[in-house]
Amino acid sequence: MDAPYFAERLRVAMAKKDMSGAALARALGVSRAAVAPWMRGTHQPSPKQVLAMVKVLDIEASWFVSPHPVDLHGRATDD
């Protein structure tokens, strides 16, 4: 998983939940400054942080790492 790919997927998942970066930061118990580089694609969160994100965003971890099109719940799509 590279940081820009992760960032793109993170932004989509956040949009589906209508969640801002500040709201995600609060839900994860981290600062907004910690979330910003994940959203920009300049840094990646730790595996522990990714697991927390999938719970907060109600998605499958495969959404972040699958090279194939999958929906937010890890199911393959036609796109």
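Is Val-30 buried, partly exposed or exposed? In this predicted model, Val-30 is partly exposed, because its relative accessible area of 27% lies between the 20% limit for buried residues and the 50% limit for exposed ones. The views below begin with the whole chain and return to Val-30 in its loop.

**Figure 1. Overall arrangement of the predicted protein chain.** The protein chain has 5 helices and 0 strands, and its elements follow the order α-α-α-α-α from the N terminus. Of the 79 residues in the chain, 37% are buried. Among contacts between residues at least 6 apart in sequence, 54% join residues at least 24 apart.

**Figure 2. The largest nonpolar core.** This core comprises 17 residues, and those with the most contacts inside it are Leu-10, Leu-24, Met-53, Leu-57, Ile-59 and Phe-64. At least two residues of the core come from each of helix 1, helix 2, helix 3, helix 4 and helix 5 (62–65). Beyond its neighbours within four places in sequence, Leu-24 is in contact with Leu-10, Met-14, Met-19, Val-35, Met-53, Val-56 and Leu-57. In soluble globular proteins, nonpolar side chains tend to be buried together.

**Figure 3. Surroundings of Met-14 in helix 1.** Met-14 has a relative accessible area of 3% and is therefore buried, the limit being under 20%. When residues up to four places away in sequence are not counted, Met-14 touches Met-19, Ser-20, Gly-21, Leu-24, Met-39 and Leu-57. Met-14 and Asp-58 are 44 residues apart along the chain, and their C-alpha atoms are separated by 10.0 Å.

**Figure 4. Packing of helix 1 with helix 3.** The axes of helix 1 and helix 3 are 6 Å apart and form an angle of about 110°. The two helices are therefore roughly perpendicular to each other. On the helix 1 side, Phe-6, Ala-7, Leu-10, Arg-11 and Met-14 meet Trp-38, Met-39 and Arg-40 of helix 3. By class, this contact contains 6 nonpolar, no polar and 2 charged residues.

**Figure 5. Buried residues of helix 3 and the end of that helix.** Within helix 3 (residues 32–40), the buried residues are Val-35, Ala-36, Pro-37, Trp-38 and Met-39. They pack against helix 1 (3–16), helix 2 (21–28) and helix 4 (47–57). Gly-41, just after helix 3, adopts a positive phi of about 85°.

**Figure 6. Crossing of helix 2 and helix 4.** Helix 2 and helix 4 pack with their axes 10 Å apart, at an angle of about 115°. These helices are therefore roughly perpendicular to each other, and their crossing is right-handed. Helix 2 contributes Leu-24, Ala-27 and Leu-28 to the contact, while helix 4 contributes Ala-52, Met-53, Val-56 and Leu-57. By class, the contact has 7 nonpolar, no polar and no charged residues.

**Figure 7. Val-30 in the loop between helix 2 and helix 3.** Partly exposed, with a relative accessible area of 27%, Val-30 touches Ala-25, Val-35, Trp-38 and Gln-49 when residues up to four places away in sequence are left out. Two of these partners, Val-35 and Trp-38, are listed among the buried residues of helix 3. Gln-49 is 19 residues from Val-30 along the chain, and the C-alpha atoms of the pair are separated by 9.6 Å.

How values were computed. Residues are numbered from 1 along each chain as its sequence is written. This is a predicted model: local features need pLDDT of at least 70, side-chain atom pairs count only at pLDDT 80 or more; totals for chains, interfaces and linings use all residues. Side-chain values use heavy atoms; hydrogens and water are left out. Buried means under 20% relative accessible area, exposed over 50%, partly exposed in between (1.4 Å probe, protein chains only). Helices (H or I, at least four residues) and strands (E, at least two) are DSSP runs, numbered from the N terminus. Contact means heavy atoms within 4.5 Å. A nonpolar core is a set of buried Ala, Val, Leu, Ile, Met, Phe, Trp, Tyr and Cys residues joined through side-chain atoms within 4.5 Å. Axes are lines fitted to C-alpha atoms, for helices over the stretch in contact, and angles run from 0 to 180 degrees between N-to-C directions. Angles under 35 degrees count as roughly parallel, over 145 as roughly antiparallel, 65 to 115 as roughly perpendicular and the rest as oblique. Ala, Val, Leu, Ile, Met, Phe, Trp, Tyr, Cys and Pro count as nonpolar, Asp, Glu, Lys and Arg as charged, and the others, Gly among them, as polar. A crossing is left-handed if the near helix is turned anticlockwise from the far one by less than a right angle, and right-handed if clockwise.
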